[in-house]
Amino acid sequence: MLIQLKNLTKTYQYHDGIINAVDNLSLDIPKGSFVTITGASGSGKTTLLLILGGLLRPTSGKMSYNGSEINLHNDDNLANFRSKHVGFVMQSFALVPYLTAIENIMIALNVKGNNTTENRKRALELLEWVGLEDRTTHYPKELSAGQQQRVAIARALANKPDLLLADEPTGNLDPGLSEEILGILKEINLKQKTTVVMVTHSPMAAEFGDTKIQLKDGKLHNLDSNGIKLNMKVLIN
Amino acid sequence: MSLTDLTLKELWHRKSQLVSGLLAITLGIGVIVGIRSFLVVSEKAVAVNLDNLGANILVLPQSSSIDNYYAADIDASTFPEDYVERLVTSTIPGVDNISPKLTRRVKVGSENIVLTGIWPKSEIASKPIWQQGGLKGEALTASCAPTGPKKYADAKLQRKGIDTLANNDCFIGSGIASRLKLIEGSKLTIMEKEFTVAKLLPETGTVDDDRVFANLHTVQALLGTGEQISAIEIMGCCSAISDGLLGKLRNVLPDTRITTIGQIVSTQIENNKLMTKISLVFLIIIIFVGGISIGNYIWANVNERRKEIGILRMIGYHKKHIYYILVLKGIIIGFLGGIAGYIVGTLAAIWLGPQFAGIAVSPIYTLLLVSIALSISISILGSVIPAYLAGKIEPFSNMQED
């Protein structure tokens, strides 16, 4: 099992009280799966994604990655975990505006080592793979939304992660481009055996997952694996 | 794509911000460089003024005053010539030349003249005008002049001893020469001793115009004073005077009156001290204001880059990498600001110096390194806190929260 969540809770303190963004959630995510998370706004989708990516610590409960309890790591180890094992694809693309397409990929490679020649070669391969080999020196503002997202996907794959986390990756794209980006994510999942967890509002996008999770008020509301709705008691402690 | 490349690219991307950030540190460093440039030139001016004065310390008998000395009071008391030996053997630092004198008012025919006995080798051709008149000798070494005597821009102002003055020779002031109708080579009889006029001194407008300078020992013999002198003129270093040279001299010659000639030396020393203090005050203000300005600039930059910093943290950059990027940015701005501040300050001093202070200011190249070091230090101080706070930016700052 790649990821195991056990009684995971994340609370936020607001001036009018405490809100459980994720509420006592237990879940197993197998290696090589494509998990989609849906739910209304405020259901805890993004909070769950942040915890899965080592970007946010849970208030209580455990999150294990390949058997190692991630939430016990210090800041630097969490950063190392993210650079080695996790790729992120964001709705807003999260590209650095003053870096070219190839440089945006190289900054991710740079975290692991400074061999510029090798890093450049790897970045070029990735750009080629996403079909942007002729846009290497273009800045984000010179690229279309779809192209920017493809650069973001290339960067997410730079360090060959086991886990790809996507937060509304098609949220800023028109339907045609959305399908193209979702196709790329599916290809990554199938060909590279990379586990993909995608948060989405779109029912069409959710269909790309082999496991579909629906959250409501931070709790697991529904789970559908390979089109078969499982007995939730099996997965929820 | 190293962190340094990343920093440089960001700086270049936000050029207009870079200019405004640079402006504060440039102006601050410029003020320091400008003041310092003035100060150094002013110190040199003091040294030159000392040369103009020649001697700047007078040793007189206890009962005499400077007025007696300048009036060449006929009844002025004397002290033994071996006081000179005491000074020479005391090796007090800052005493560059010792010139004993015996002065008396005497009559030549119906004319009153001031007969002054001097030691040729140690008598300073102090007034540049003397040197213009052709009196030349070996340059004297000033032990603590700011740049050394041989580096003075105006060669006429170098301190030189009068080369030779034979026992029967004399130099005469322009007033005497005019009244007695003397020219170089003329014979002049004083108290039945015949002197040859070796040199006519140019007009100075001072009591020197009525003086006849002759060899000290000849004058002592002529006046029958024995080995007595009426004054010792000392060329003391400006900085040594301010460091208590007079007190040290008084310890060696306790039964004499020791004083500086003129207020100019002390006034200029005080001016320099004041300038140094002002410079220090400016330095402290600029460290605070410059540090705060750079801090404000970096903090504004951090706020603008929250999303970008979040991206870097998300893909695995550590806090220390964020610190590095921001402090490096501060160092680069400090480096550029140091150079720009040096140029602005130096140009301002060169331009304003002659107009407002009548002083020609030259660039001081060593100040460039000081400017860069100071500017970088201020910038590092200013960027540390914003960098620390930037490290606290969450790695998910670029994500849309549910």
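**Strand pairing, cores and helix faces in a predicted two-chain model**

Strand E3 (residues 95–108) of chain B is joined by eight bridges to strand E4 (residues 111–118) of chain B, and the two run antiparallel; helices (H or I, at least four residues) and strands (E, at least two) are DSSP runs, numbered from the N terminus, and two strands pair if DSSP finds at least two bridges between them. The model is a predicted one, in which local features need pLDDT of at least 70 and side-chain atom pairs count only at pLDDT 80 or more, while totals for chains, interfaces and linings use all residues. Residues are numbered from 1 along each chain as its sequence is written, and chains are lettered from A and ligands numbered from 1 in the order in which they are written.

Within this pairing, B:Arg104 has B:Leu115 of E4(B) as its bridge partner. E3(B) and E4(B) form a hairpin with two residues between them, and in the turn B:Gly109 has a positive phi of about 65 degrees. E3(B) also pairs with strand E10 (residues 231–236) of chain B, in the antiparallel sense and over six bridges, with B:Ser99 standing opposite B:Glu233 in E10(B). Of the 14 residues of E3(B), 10 are buried, so this strand is largely enclosed by the rest of the structure; a residue counts as buried if 20 or more other C-beta atoms lie within 10 Å of its own, as exposed if 12 or fewer do, and as partly exposed in between, with C-beta atoms placed from the backbone. Chain B as a whole has 13 helices and 11 strands, and 41% of its 402 residues count as buried.

In chain A, an open sheet of four strands has the order E2-E1-E4-E5, with antiparallel pairing. Its edge strands, each of which pairs on one side only, are strand E2 (17–29) and strand E5 (68–69) of chain A. Strand E4 (residues 60–65) of chain A is joined to E5(A) by two bridges, and A:Ser64 stands opposite A:Glu69 in E5(A).

The largest nonpolar core, meaning a set of buried Ala, Val, Leu, Ile, Met, Phe, Trp, Tyr and Cys residues joined through C-beta atoms within 7 Å, has 109 residues, and those with the most contacts inside it are A:Ile105 and A:Val197. Helix H2 (residues 15–53) of chain B gives the most to this core, with nine residues. Apart from this core lies another, of 34 residues, among them B:Val59, B:Leu60, B:Val84 and B:Ile232. When residues up to four places away in sequence are not counted, A:Ile105 touches A:Ala123, A:Leu126, A:Leu127, A:Val151, A:Ala154, A:Arg155 and A:Ala158, where a contact means that the C-beta atoms of two residues, placed from the backbone, lie within 7 Å.

Helix H4 (residues 116–129) of chain A has 14 residues and reaches 20 Å from its first C-alpha to its last, close to the 20 Å expected at 1.5 Å a residue, the expected span being 1.5 Å times one less than the number of residues. In H4(A), the residues A:Asn119, A:Arg122, A:Ala123, A:Leu126 and A:Leu127 are buried. They cover an arc of only 140 degrees around the axis, which puts them on the same side of H4(A); the arc is that of the directions from the helix axis to the C-beta atoms. On the other side of H4(A), A:Thr117, A:Glu118 and A:Lys121 are exposed, whereas H3 and H5 of chain A are included in what covers the buried residues.

Helix H6 (residues 175–191) of chain A has 17 residues and a reach of 24 Å from its first C-alpha to its last, close to the 24 Å expected. Its buried residues are A:Ser178, A:Ile181, A:Leu182, A:Ile184, A:Leu185, A:Ile188 and A:Asn189, which cover an arc of only 150 degrees around the axis and are thereby put on the same side of H6(A). The face turned away from this buried side carries the exposed residues A:Gly176, A:Gly183, A:Glu187 and A:Lys191.

The contact between the chains takes 33 residues from chain A and 22 residues from chain B. The largest share of the side of chain A that touches chain B, six residues, comes from H2(A).

The mean pLDDT of chain A, the predictor's confidence in each residue from 0 to 100, is 86, and 95% of its residues reach 70 or more. Over residues 231–237 of chain A, pLDDT stays under 50. Where pLDDT is low, the predicted coordinates should not be read in detail.
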